[in-house]
Amino acid sequence: MKIAVIGTGYVGITTSVSLGELGHELIGVDIDPEKVKKLKQGILPIYEPGVESLIQRQLAAGSLTFTTSLKEALPDAEVIFIAVGTPSLPNGEPDLHYVEAVAREIGTHINDYKVIVNKSTVPVGTADWVRDLIERELERRHVKVEFDVVSNPEFLQEGKALEDARHPDRIVLGSSSQRAKQTMQTVYANVNAPIIHTSPRNAEMIKYASNAILATKISFMNDIAKLCAHLSVDVSEVAKGMGLDQRIGPHFLRAGVGYGGSCFPKDVEALYALGQSAGQEMSILRDTQRINREQPGWVIAQMERELGSLKGKKIALLGLAFKPNTDDLREAPSLKLLPLLHAAGATVRATDPIVTDPVKEQFPKVGIAADAYEAALDADAVLLCTEWASFLKIDWKRIRERMKGDRVFDARNALSIEKVEAAGLRYWGVGRKGSA
Ligand SMILES: NC(=O)c1ccc[n+]([C@@H]2O[C@H](COP(=O)([O-])OP(=O)(O)OC[C@H]3O[C@@H](n4cnc5c(N)ncnc54)[C@H](O)[C@@H]3O)[C@@H](O)[C@H]2O)c1
């Protein structure tokens, strides 16, 4: 099947190569000429494990191509995926102008039946709105072309996007057209996952509600962690005990410095804004956001309490990306910790296996180290912000020898207390040992 994917960001490029693996012929479209130039050379402009080698293989096989021209991509495509960004507007609502531009352009160029599939995360009613936009363009051209709009939200997680795309927990297809439903079944014929056939509006809500519950689990555990800190209870043990209950499940129960990334913060905001516009006060979401906003400040306050003051202290910050295995810095907790550390008078030497340059540009005062050992040189304290695998394998004795102080702040509850303490260091975690 010939498929066009519009937008070659984290979602678009992963969608393209994973559909390519299923035997489809793909064309990726992006308005960013630099991105397209790199992709044509087999260079992945982002960091996402496993994706670059698939691009190279599929380019060589001729089953994957890239272009900046939607007009060029559309004629042959039977299915057109929209995977452009939907960032937050200042009022919390999603900015749909990228989706709008793509819909209008599709209406300007299509000449035969197409299934238009929205993968971007969008508010309830967007599929209908996209249909209207395309219809208006067709009317303006005085042509009649059949098409269907399907809502097919994406649930992949950056850092393991390929794995998620290959083995999704479920595929949600929101469509009111039998013809489009059959086409989409062919698209996903070789994926072993339950398919939920529903309306486009239901599909759009499934995506927002899914991200909102995951974000809420994180904020809930961060609140529990703060209570644990007062009561000398270890929240990691609590999470383990809770997670074995099948009604709760083990995922997204780890307390830490809060969630970040390009999805949870904006999607919780968007769902809250949707509630506001419908006159429905989504108070759980308001608290989910508030707890998340406050969490980096709480971590810094704990560090100040433990160290007396942060004034003049040297902090080794481990991890900048919003989570491991990605270069994505959107809403990364590190970007919230850095100004707080600076405001408290600390100097910071940071390290990350992948992403450093954009942080250096934004915070010129931050020193960048090649690795954790260099970052720890003369440091009063180490602060773990992103739990990259390399940080979990650190030789803490080597770190201890290089440090001036002896404190390790684990803002992700990811380190082994025993290993840190065996090196003669003092451990602090979020609602774990050391917290009070
Ligand atoms: N990143 C994730 O983990 C993730 C997971 C699930 C869902 N989503 C959703 O998927 C959507 C895309 O997210 P992303 O992280 O891939 O975004 P992104 O910012 O990485 O990529 C979006 C791409 O769209 C391109 N683009 C914008 N306008 C265009 C146009 N008119 N024509 C062609 N290309 C255009 C941009 O140049 C960019 O490369 C968002 O709605 C997001 O909420 C993201």
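These are my notebook entries on a ligand site and an annotated cysteine.

**Entry 1: the model.** I am working with a predicted model.

**Entry 2: the ligand shell.** I looked up which residues surround the ligand. I found 26 of them. The closest are Asp30, Lys35, Thr86, Glu158 and Lys266. I then sorted the shell by residue type. It divides into 11 nonpolar, seven polar and eight charged residues.

**Entry 3: where the shell comes from.** I checked the helices next. Helix H1 (10-21) gives at least two residues to the shell, and so does helix H5 (97-109). Then I asked where the ligand lies relative to domain 1 (2-197) and domain 2 (211-429). Both domains give residues to the shell, so the ligand lies between them.

**Entry 4: contacts with ligand oxygen.** I looked at three residues here. In threonine 86, a side-chain N or O atom is 2.6 Å from an oxygen atom of the ligand. In lysine 266, a side-chain N or O atom is also 2.6 Å from a ligand oxygen. Tyrosine 10 uses its backbone: an N or O atom there lies 3.1 Å from an oxygen atom of the ligand. I also noted how much of the ligand is covered. Alone, the ligand exposes 840 Å², and the protein buries 90% of that.

**Entry 5: the annotated cysteine.** I turned to the UniProt record, an unreviewed entry. It places the feature "active site" at Cys263. I located cysteine 263 in the loop between helix H10 (235-243) and helix H11 (264-277). Is cysteine 263 buried, partly exposed or exposed? Its relative accessibility is 29%. Buried would need under 20%, and exposed over 50%. Cysteine 263 therefore counts as partly exposed.

Methods:
Residues are numbered from 1 along each chain as its sequence is written. This is a predicted model: local features need pLDDT of at least 70, side-chain atom pairs count only at pLDDT 80 or more; totals for chains, interfaces and linings use all residues. Side-chain values use heavy atoms; hydrogens and water are left out. UniProt positions are given in the numbering used here, feature names are shortened, and annotations may be inferred rather than shown by experiment. Helices (H or I, at least four residues) and strands (E, at least two) are DSSP runs, numbered from the N terminus. Buried means under 20% relative accessible area, exposed over 50%, partly exposed in between (1.4 Å probe, protein chains only). A residue is near a molecule or strand if one of its heavy atoms lies within 4 Å of it. A polar contact is a pair of N or O atoms within 3.5 Å; within protein, one must be able to donate a hydrogen and the other to accept it, and residues adjacent in sequence count only if both atoms are side-chain atoms. Accessible areas come from the Shrake-Rupley method with a 1.4 Å probe; for residues, only the protein chains shown count as cover. Ala, Val, Leu, Ile, Met, Phe, Trp, Tyr, Cys and Pro count as nonpolar, Asp, Glu, Lys and Arg as charged, and the others, Gly among them, as polar. Domain bounds come from an automatic or database domain assignment.
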